[in-house]
Amino acid sequence: MLLTRQLEAVMPVAGDLRAIDVVLTKPGVCIAVELITRLVDVQAQVRIARLKARDFGATRLLIVVAATRANRRALDGARAVLAAAFDLDSRRVLAALEARDETPRDAIIFI
């Protein structure tokens with residue numbers, strides 16, 4: 001079954017002005033995709049994205065980060081903490097999405 005895409009989905013709670021950048025869905029699967037151009041405070045940015053995904057009702061969170069040297073350094077500094085909760089292998093995650101599969105767990109990828 002193909003994943004379908006929706007750009008900028010608003011929260012299903014009245015008055016909640018937050019939005020998910022992209023939502024990928026298929027029956028039983030909802031992947032909230034958050035786009036981050038500059039990692040400043042990795043833990044805070046990840047926490048905010050996780051709360052948005054939870055409140056939206058997503059089954060998975062995919063954080064897409066701009067592939068810059070500064071972002072790679074920032075993520076490397078938090079890699080030990082994030083590895084337990086996120087798949088950090090961009091190639092594996094992109095291959096799963098290309099195959100129209102759900103990622104087996106939340107993920108952070110560089111693009």
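This tour visits salt bridges in a predicted model, moving from one residue selection to the next.

**Stop one: Arg18 and Asp16.** Please begin by selecting Arg18 and Asp16. Their side chains form a salt bridge, with N and O 2.7 Å apart. Arg18 has a relative accessible area of 27% and is therefore partly exposed.

**Stop two: Arg18 and Asp55.** Keep Arg18 selected and add Asp55. These two residues also form a salt bridge, in which the closest N and O atoms are 2.6 Å apart. The pair connects distant parts of the chain, since 37 residues separate the partners. Arg18 is found in the loop between strand 1 (4-10) and strand 2 (19-26), whereas Asp55 belongs to helix 1 (residues 42-56). Asp55 is partly exposed, its relative accessible area being 26%.

**Stop three: Lys52 and Glu34.** Next, select Lys52 together with Glu34. A salt bridge joins their side chains, at 2.9 Å from N to O. Lys52 is part of helix 1 and Glu34 is part of strand 3 (residues 29-36), so this salt bridge ties together parts 18 residues apart in sequence. Are Lys52 and Glu34 buried or exposed? Both residues are buried.

**Stop four: the network.** Finally, select Asp16, Arg18, Arg54 and Asp55 at once. Salt bridges with shared partners join these four residues into one network. Arg18 illustrates such sharing, as its partners include Asp16 and Asp55.

**The overall count.** How many salt bridges does the count come to? The count is eight, among them the pairs Arg18–Asp16, Arg18–Asp55 and Lys52–Glu34.

Technical notes. Residues are numbered from 1 along each chain as its sequence is written. This is a predicted model: local features need pLDDT of at least 70, side-chain atom pairs count only at pLDDT 80 or more; totals for chains, interfaces and linings use all residues. Side-chain values use heavy atoms; hydrogens and water are left out. Buried means under 20% relative accessible area, exposed over 50%, partly exposed in between (1.4 Å probe, protein chains only). Helices (H or I, at least four residues) and strands (E, at least two) are DSSP runs, numbered from the N terminus.
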